[in-house]
Number of protein chains: 2
Amino acid sequence: MINKLNAKIVKTNAPIVVGLDPMLKYIPEHILKKAYSEYGETLKGAAEAVFEFNKRIIDATYDLIPAVKPQIAMYEQFGVEGVIAYKKTVDYAHEKDLVVIADVKRGDIGSTSEAYAVGHLGKVQVGSKTFAGFDADFATVNPYLGTDGIKPFVDVCKAEKKGIFILVKTSNPSSGEFQDRIIDGKPLYEHVANKVREWGEDAMGDAYSYVGAVVGATYPEMGAALRKVMPKTLILVPGYGAQGGTGKDLKAFFNPDGLGAIVNSSRGIIAAYKKEEYAKFGDEHFEEASRQAVIDMREDIKSTLN
Amino acid sequence: MINKLNAKIVKTNAPIVVGLDPMLKYIPEHILKKAYSEYGETLKGAAEAVFEFNKRIIDATYDLIPAVKPQIAMYEQFGVEGVIAYKKTVDYAHEKDLVVIADVKRGDIGSTSEAYAVGHLGKVQVGSKTFAGFDADFATVNPYLGTDGIKPFVDVCKAEKKGIFILVKTSNPSSGEFQDRIIDGKPLYEHVANKVREWGEDAMGDAYSYVGAVVGATYPEMGAALRKVMPKTLILVPGYGAQGGTGKDLKAFFNPDGLGAIVNSSRGIIAAYKKEEYAKFGDEHFEEASRQAVIDMREDIKSTLN
């Protein structure tokens, strides 16, 4: 899957992942109205609106991008109905041949991490049969519990040719509270990065490992350092756009081969129609605003890398 | 909810939480057979078996214990159907007036943590109405992202009178890889513990905070140190039983008032019938083995504390 993802990045010339984090406030009135009129102002109504919103954004952008990243929290907030919308989103993205990065940030002790890995990336045994639960292609994973929380994910990735992105340095303002603390002369995130490289050596694709890392665009100087620590690691870079990261911040995350990073934008794409520069599309054509925002993001990144 | 949990601990004289982590291999043949005959060897069949298993264990133990802790990974492995079984388990435990600790180990950047908090503990706004998605009473939370990943949970806890347990020192063998690293003369977990105390001061119940901590029974010496760092923090202690923690390891986690800790056992209770000492109950009466295992655990802890 890491090879497929890199091939799609090359083909689209867009190291971009669209974050499908559909808060209700991003969803245009006409989509909400239709869902509520059919299912009422209920969890199911909200979940249907979320899926319809995602579907239209996927339809408007899938030819331009290699991957989407649904943030499962935005679905879990609607309980079981939300999780159903999450699964429908994963399946619909696959219909359009998109790589799906499940932003689930799971992580637990061994047998429990195994269950998460099986549920989100692998197949579970039920009697004499096996089934994929959520069937994403990549998942994000939290490293706080150490190797035995990560190893079961790596094992499933090797068996299923899927991948993970491990949180190294997150994009949020207080990420430094623990991640930046100095241990033996180096920040914690660099110790985590060293482990990511080590875990990944055992699970290599053609040029990059199945084991990737998350490093926020909001910390470009750390991106540069971490790029060197993990040369064969694909870095998932959140924080571009709404969180403050800009195109020029991104160069440090890429390798000289032009690969090595994939940049996420969520709000900046899915709620583009709410921004002044895309207001001309109007609520009714929000998906066209999203398409234009993807094109503009691609150009911003391209101009940075050249 | 922290007051209710403590009151129930006092009433049952059992600082015990039963971990509902139902792997299929723990579920007796007759339960599986019935579910498969009705729904086939499918994800729904597995999920029905899981719920029936949980239901019987709850029925056999609810009068002895204050709380249950479903581990959501064990449900997510079965995809949407598993999540439905998770929600039914939460609701059934509530019918029996048990406190439900959702072991979800979520944690993300601000707005995303807010969605998790809303989904698992709070209420989400849909049009003019509000709905509880999963409606647990407590959730476990991962601290790696720092204050702005935690704060939204604390806010929901204050609004809904619910609670969280933040991972401080986990019970698994490689928990030390990052958690034990020394920063300014103290291990990382102690820095996290200091933050837990600080976050919790702002959200106090009668004697303990809404903000609890997770510290593994497998590290009793750390438990003693952390008990002092977080005097008003309820500590959720996993790792008793199957993971190697014993009754005598537990004393350090409690305050002189006999409160301050709640000890989880999962496999040791739910799969008790598979252990030699409870084999006499047989597969058919697995829930009675679980009941006996709860009574024995209660006595083990009582003898430790006296």
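Okay, let's start with one term, since I'll lean on it: a residue is buried if 20 or more other C-beta atoms lie within 10 Å of its own. And a caution before we go on: this is a predicted model.

With that word in hand, look at helix α6 of chain A, residues 110-120. Nine of its 11 residues are buried, so the rest of the structure largely encloses this helix. Which residues of α6(A) are the buried ones? Reading along, they are Thr112(A), Ser113(A), Glu114(A), Ala115(A), Tyr116(A), Ala117(A), Val118(A), Gly119(A) and His120(A).

And what covers the buried residues of α6(A)? From chain A, the cover includes β3 (99-106), β4 (124-126), β6 and α7. Chain B is involved too, with α4 (73-76) and α5 (79-95) among the covering elements. So keep both chains on screen.

Now let's zoom out to chain A as a whole. Its secondary structure comes to 12 helices and 12 strands. Of the 306 residues in chain A, 60% are buried. The C-alpha atoms fill a box of roughly 60 × 55 × 35 Å along the principal axes. For 306 residues, a compact globule would have a radius of gyration near 19 Å, and chain A agrees, because its own value is 19 Å. As for contacts in chain A between residues at least 6 apart in sequence, 71% of them join residues at least 24 apart.

On to the barrel. In chain A, eight strands form a closed barrel with parallel pairing, in the order β1-β2-β3-β6-β7-β10-β11-β12. Ignoring direction, neighbouring strands of this sheet are turned by 30° against each other on average.

Let me pick out one pair there. Strand β6 (residues 138-141) and strand β7 (residues 163-169) of chain A pair in the parallel sense, over four bridges. If you want a spot to click on, Ala139(A) has Ile164(A) in β7(A) as its bridge partner. Helix α7 of chain A, residues 147-160, packs on the sheet here, touching β6, β7 and β10 (211-215) of chain A. The direction of α7 makes about 145° with that of β7(A). Remember that α7 and β6 of chain A were both part of the cover over α6(A).

Chain B has its barrel as well: eight strands, parallel pairing, order β1-β2-β3-β6-β7-β10-β11-β12. The twist there averages 30° from one strand to the next. For variety, I'll take another pair in this chain. Strand β3 (residues 99-106) and strand β6 (residues 138-141) of chain B run parallel and are joined by three bridges. Within that pairing, Arg106(B) has Val141(B) in β6(B) as its bridge partner. There's a helix to see too: α9 of chain B, residues 188-201, lies across β7 (163-169) and β10 (211-215) of chain B, at about 160° to β7(B).

Last topic: how the chains sit together. 60 residues of chain A are in contact with 60 residues of chain B. The side of chain A that touches chain B has 27 nonpolar, 24 polar and nine charged residues.

How is chain A laid on chain B? It takes a turn of 180° and a shift of 0.0 Å along the axis, and the RMSD is 0.0 Å. The two copies are therefore related as by a two-fold rotation axis. In chain A, the C-alpha nearest that axis belongs to Ile183(A), at 2.7 Å from it. The same surface serves both copies, with 100% of the contact residues of chain A recurring in chain B.

Terms used. Residues are numbered from 1 along each chain as its sequence is written. Chains are lettered from A and ligands numbered from 1 in the order in which they are written. This is a predicted model: local features need pLDDT of at least 70, side-chain atom pairs count only at pLDDT 80 or more; totals for chains, interfaces and linings use all residues. Two strands pair if DSSP finds at least two bridges between them. Helices (H or I, at least four residues) and strands (E, at least two) are DSSP runs, numbered from the N terminus. Axes are lines fitted to C-alpha atoms, for helices over the stretch in contact, and angles run from 0 to 180 degrees between N-to-C directions. Two residues are in contact if their C-beta atoms, placed from the backbone, lie within 7 Å. Ala, Val, Leu, Ile, Met, Phe, Trp, Tyr, Cys and Pro count as nonpolar, Asp, Glu, Lys and Arg as charged, and the others, Gly among them, as polar. Copies are superposed by least squares on the C-alpha atoms of residues with pLDDT of at least 70 in both. A residue is buried if 20 or more other C-beta atoms lie within 10 Å of its own, exposed if 12 or fewer, and partly exposed in between; C-beta atoms are placed from the backbone. The radius of gyration is taken over C-alpha atoms; the globule rule is 2.2 Å times the number of residues to the power 0.38.
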